[in-house]
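Me: I am new to this structure and would like to understand the reasoning behind some of the words used for it. Could we go through them one at a time?

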Amino acid sequence: MPPKTIIRLALPVPLRRLFDYIGEDKREYPIGARVRVPFGKRELIGIVIEQSTDSDQDLHTLKPAGDLLDENSLVPEDIRQLLNFCSRYYQCPIGETYSTALPKLLRNGETVSSPQQEYLKLTQEGLGLPSGGLSKARKQAALLAALQEEGKLDKTDLKRLCISSTVVKAMQEKGLLFWQSEQLPSIAAEEQQKQPPLELNEEQSAALDQLRYREFACYLLEGTTGSGKTEVYLQAIAEVLRQGKQALVMIPEIGLTPQTLGRFQNRFRCPVVAIHSGLNDRERLQAWSMAKSGQAGIIIGTRSSVFTPLYKPGIIIIDEEHDLSFKQQDGVRYSGRDLAIFRAQKAGIPIVLGTATPSLESLHNAIQGRYHHLRLTRRAGAARPPAISVDDIKQQTLIGGLSQHSLDAIGQTLGAGNQVLVFLNRRGFAPSLLCHNCGWVAECRHCSARMTLHKAQRQLRCHHCEASMALPSQCPDCFSRELIGQGYGTQRSEETLQEYFPETQIIRIDRDSTRKKQAMHELLHEVDQGQPCILLGTQMLAKGHHFPNVTLVVIVDADGGLFSGDFRGPERMGQLITQVAGRAGRAEKPGRVIIQSHNKDHPLLETLLEQGYHLFARQILRERQLAHMPPYRQLALLHCDSKDGFQAEAYLQGLRQWLEQYAPPSPERVYLGPFAAPMEKRKQMFRFQLQFNCETRRHMQHLLQLVGQYLEQSKMPHNIRCSLDVDPLDMM
């Protein structure tokens, strides 16, 4: 009797193992292909990891596999290596890791077709319209002008131009437009660039000259804000395209995508695609297919784009490498930046980590010689660093969170025809609502947090679990009607600024104002018009945006990170202040920064402002070394959530006692906890943590394998949820 064909699959289930099925005799199952299989009472789609003729399981108990969905490997070998490493390093179930990497339509069994691009074109009637036609409908006129100039536009172009589907539909009903699918043309290497590159200064040229394109090396490009890092990226990518290869550019936020996409599309003629969570399922699959087939020369994406297959990878660039957004905070808790470095190493290609404020891990690696350290210390072109001053607001009367000095400076800047950026990293009207009579404070019923007042919506909202309730008319304790908002949020500052500057447009950018699709892009488009305005927002504005007409930045509250309970607090404070300050004076106009602080003489703030971020970061590195914290030690957190806090704590205590039998505490291996998380309750769940601090990655990986073994084999109560965070960035 011939041996059975056994296929070993990664299935999207929370179990740390592969599953064996019996395949059809004499049929090849390509490694990396999808197969539909029965699993309990469900059907799942798994990825073939191995094909064999034997199994550790009893062959009579194995179920037959269902349909083979791919004739060839869907997940190429280099991506399988990356996913297998991700599963091992972050101790995640292999099937969930593979599922994370695939677009939703592929996870659901969609077939992959040859990618085609849809273009919007003018009909014969549309072609007959004169230049400047449809002038009474502003958006339709803009679309007509763009099509008359370009000939055709794709959906990405429409987003860049802020043209909605309603405008397109209206012109289609007039018989002026139609959609046409086209196979993407191949573009000769020498024709890739639409525009000539900008002239580089000495530092930019030196950085570009050090890049080696045919071997792996990790480059930390530390460039002060406005130093022209993007132009270095563009010219490095141009060289990669000339070699017939592709570039993967990773950015931290969706909000940066339209601006970044537009800049790359204006420079290069090859297809540029975006991959991020703001796309619909069909758009995401289209971009993924174009990258895999090699039709897209440049791929721009957020952290999940690290899993995108490339036909001929040539370079990986990570912009704002320090940003927390590159770390996934739930599910498979991977770091997109760190996985990108592993991927570049395996592919034998360069990777560039660009930032004005390097993470301490990256800076430490550069100091140790593991990364090539490239520095840009001066701004590109005629731009000069902004003048920075600290406004001591102790005992001052604040108006909407702003001092009179700041308000006067804003008025002067607007009067000169320039733009202002006001940074306040708290959305809503006020961080809390309290009773002036008895001191009652509105707290979330589901979290250990106060509710935030949203005055315009007459609501209280929790910014941790998104619970909301109507604004009460009286105190529930003493029935007083004297309820007041305590503290300042972006909505309150917006109200104040509108009162002070009634003729000026206030553009507020925070999570509340950008909930709708394309809202962020439309707001930034307003700023780009160059008219005097006040740009008010949270840290969404601190990430790589270029505002050439902003000449004044006001940082409303710089003190948050000085007294943070998180050991990373000072590092984040330094990064945030430096990044926000860097939005001022990025073009020919000189810039100015006002930092409001109650702690003007704090040593960390003085070091940052007098010596700059680089020396500030080196000082924090010395403190981390003395405290035995990353990057000098390896850190991991095991989170345990339950509606019964005692049960969660007891489970972690049992785990620690079990671990200490096999891996006793030592200087190389330190346990801390279990203890309540800084936010003890969230979404009605009590949260406890067990912390592991190890001297080396080898010690940590050995310990985490034991943790995974315990989680897999122990009888975990059904109402407990555990998750492991390796190299955590958020200690909450």
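Me: What makes Trp658 count as buried?
Reply: In this predicted model, Trp658 has a relative accessible area of 18%, and since buried means under 20%, the residue is called buried.

Me: Why is the pair of Phe85 and Tyr89 called stacked?
Reply: The structure holds 11 aromatic pairs, and in this one the ring centres lie 5.7 Å apart, with the planes at 20 degrees. Rings pair if their centres lie within 6.5 Å, and planes under 30 degrees apart count as stacked, so the pair of Phe85 and Tyr89 is stacked. Both residues are buried, and both belong to helix 1 (residues 77-89), where they are 4 residues apart, about one turn of the helix.

Me: Why, then, is the pair of Trp658 and Tyr662 called tilted?
Reply: Here the ring centres are 4.8 Å apart and the planes stand at 50 degrees; under 30 degrees would count as stacked and over 60 as edge-to-face, so the pair of Trp658 and Tyr662 is tilted. These two residues lie in helix 19 (residues 645-662), 4 residues apart.

Me: What makes helix 5 and helix 7 roughly perpendicular?
Reply: The axes of helix 5 (residues 138-150) and helix 7 (residues 165-173) cross at roughly 75 degrees and come within 10 Å. Angles of 65 to 115 degrees count as roughly perpendicular, and therefore the two helices are described in that way. Their contact involves residues including Leu143 and Leu144 of helix 5 and Val167 and Val168 of helix 7, and the residues of the contact divide into 6 nonpolar, 1 polar and 1 charged.

Key
Residues are numbered from 1 along each chain as its sequence is written. This is a predicted model: local features need pLDDT of at least 70, side-chain atom pairs count only at pLDDT 80 or more; totals for chains, interfaces and linings use all residues. Side-chain values use heavy atoms; hydrogens and water are left out. Rings of Phe, Tyr and Trp (its six-membered ring) pair if their centres lie within 6.5 Å; planes under 30 degrees apart count as stacked, over 60 as edge-to-face and the rest as tilted. Buried means under 20% relative accessible area, exposed over 50%, partly exposed in between (1.4 Å probe, protein chains only). Axes are lines fitted to C-alpha atoms, for helices over the stretch in contact, and angles run from 0 to 180 degrees between N-to-C directions. Angles under 35 degrees count as roughly parallel, over 145 as roughly antiparallel, 65 to 115 as roughly perpendicular and the rest as oblique. Contact means heavy atoms within 4.5 Å. Ala, Val, Leu, Ile, Met, Phe, Trp, Tyr, Cys and Pro count as nonpolar, Asp, Glu, Lys and Arg as charged, and the others, Gly among them, as polar.
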